[in-house]
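The following note sets out, point by point, what may be read from the structure shown below. Please consider each point alongside the coordinates.

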Amino acid sequence: MKKRSLKERLDKGPVICAEGFLFEIEKRGYMSSGEFVPMVSLDNPEALLNLHRDFQHAGSDIVQAFTYNGHREKMRVIGKEELLEPLNRAALQIAKDVAISPMGEEENLMAGNISNSNIWNQNDKKSQLEVEKMFREMVGWAVDEGADILIGETFYYAEEAYTALKVMKETGLPSVITIAPYGENIMRDGVSILDTCKELEQRGGDVVGMNCHRGPNTMMPYLKEIRKELKCHVAGLPITYRTTDDHPTFFNLPDNNGCSCPSPHETTFPTALDPMQCSRYEIGQFAKEAYDLGINYLGVCCGATPMLIREVAEAVGLKVPASKYRENMENHYMYGKNKRIPKHIKDYRNKA
Ligand SMILES: [Zn+2]
């Protein structure tokens, strides 16, 4: 089967993209939380391969190379700058290996990835040039390793997102660009969320939208505006936590669930967010609502698990390999309706 382009796929229906590898690989025990450097591609390549395979099995159409935070500045912070290129190439090669061995008939798309640098300074041209250089070297490695598309994500400065898009577009590959504004609901350089997305479309982004930082509740209102104003394909990939109008992002999300042992850090982010996790049904509901609005590029970011990616895929009408193992309460020993289940067990259901 011919491998269709990203646009061909999006024109026809939903395209699913798993993100959020940082949290998931940390939970699997292969990354230090807080520091968050994706050394896994070098230290435990089989763990990264398994992660991609699990998301592929759950329905992700895109295999995004895990190079988030794998940029020159972060490698300097941990004193391992010499591993920058090997880390990037290893992550890209692992993603490619998975993408070209799909579980269905059609190959997945392998995506190179750049993201927020955390050194961008709106008042310092030097920092901006430094960031542009970091983007260009990573994009270069992605092209070398056969990326089908490029994803620039989690930008909270509008100008940094524009710079990422410019660098991605130089390659001629399709570009996905998503922003992640903080709790003030505006980009840190003062541009509104909607205006940033309009500008990204004007500058040639093939897919424009939002990812990370916000849960379904506090991302959806902006996605609605964006979908209404933009003509290009739109992306929505929230985190999987119950953010609120008072706390629109996961950075300052309080634990209001009767927590008896608070996080040792000043916030529940990033190690004590678990009680604020959305259920699969909330994630499915988000995906369906977004898709009904005409948002075809869907996924979840931090907090993503294969189970939630399957939920996104199924909510928009897809059947994926992991659908085989969708919940089947029919055969539950107490809540099931299977006629073999004894009456005295069924009857106890409300007291259990
Ligand atoms: Zn995220």
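1. The model is predicted. A convenient place to begin is helix α12, in which Pro 306, Leu 308, Ile 309, Arg 310, Glu 311, Val 312, Ala 313 and Glu 314 are buried. Because eight of the 10 residues of α12 are buried, the helix is largely enclosed by the rest of the structure. The partners against which the buried residues of α12 pack are β1 (15-18), α2 (21-27), α4 (45-57), α11 (280-293) and β8. Just after α12, Gly 317 adopts a positive phi of about 90°.

2. The metal site deserves attention next. Three sulfur donors coordinate the zinc ion at 2.1 to 2.2 Å: Cys 212 (SG), Cys 301 (SG) and Cys 302 (SG). Along the chain, the donors of the zinc ion follow the spacing C-x88-C-C. Cys 212 belongs to the loop between β6 (207-211) and α10 (216-229), and Cys 301 to the loop between β8 (297-300) and α12 (306-315), so the pair ties together parts that are 89 residues apart in sequence.

3. Are these two cysteines buried or exposed? Buried means under 20% relative accessible area. Cys 212 counts as buried because its relative accessibility is 5%, and Cys 301 counts as buried because its value is 4%. The backbone of Cys 212 also merits inspection: its phi is near 60°, a positive value in a residue other than glycine.

4. Phe 36 likewise has a positive phi in a residue other than glycine, with a value near 55°. Phe 36 is located in the loop between α2 and α3 (40-43). With 7% relative accessibility, Phe 36 counts as buried. Elsewhere, a cis peptide bond links Phe 269 to Pro 270, with omega about -5°; Pro 270 lies in the loop between β7 (233-237) and α11.

5. Strand β3 is covered on both faces: Leu 109, Ala 111, Asn 113 and Ser 115 are buried on one side, and Met 110, Gly 112 and Ile 114 on the other. Since seven of the seven residues of β3 are buried, the strand is largely enclosed by the rest of the structure.

6. The neighbours of β3 in the sheet are as follows. Strand β2 (residues 62-64) runs parallel to β3 and is joined to it by three bridges, with Gln 64 opposite Ala 111 in β3. Five bridges join β3 to β4, and these strands also run parallel; here Ser 115 stands opposite Glu 153 in β4. Together, β3, α7 and β4 form a right-handed β-α-β unit.

7. Helix α8 has nine of its 12 residues buried, among them Glu 160, Tyr 162 and Met 168. The elements covering the buried residues of α8 include β3 (109-115), α7 (125-144), β4 (149-155), β5 (175-179) and α9 (193-202). As for its length, the 12 residues of α8 (residues 158-169) should span 16 Å at 1.5 Å a residue, and the end C-alpha atoms are 16 Å apart, which agrees.

8. Which residues touch the most other members of the largest nonpolar core? They are Phe 66, Ile 177, Ile 179 and Phe 250, in a core of 95 residues. Leaving aside residues up to four places away in sequence, Ile 179 touches residues including Phe 155, Ala 161, Met 187, Ile 193 and Leu 200. A second, separate core of 14 residues includes Leu 10, Leu 109, Ile 151 and Leu 237.

Notes
Residues numbered from 1 in each chain as written. Predicted model: local features only at pLDDT ≥ 70, side-chain atom pairs only at ≥ 80, totals over all residues. Heavy atoms only, no water. Helix = DSSP H or I, 4+ residues; strand = E, 2+ residues; numbered from the N terminus. Expected span 1.5 Å × (residues − 1). Buried < 20%, exposed > 50% of the residue type's maximum accessible area, 1.4 Å probe, protein only. Contact = heavy atoms within 4.5 Å. Donors = N, O, S within 2.8 Å, 3.2 Å for Na, K, Ca; no water. Pairing = 2+ DSSP bridges. Right-handed = clockwise from strand over helix to strand, strands pointing away. Core = buried A, V, L, I, M, F, W, Y, C linked by side-chain atoms within 4.5 Å.
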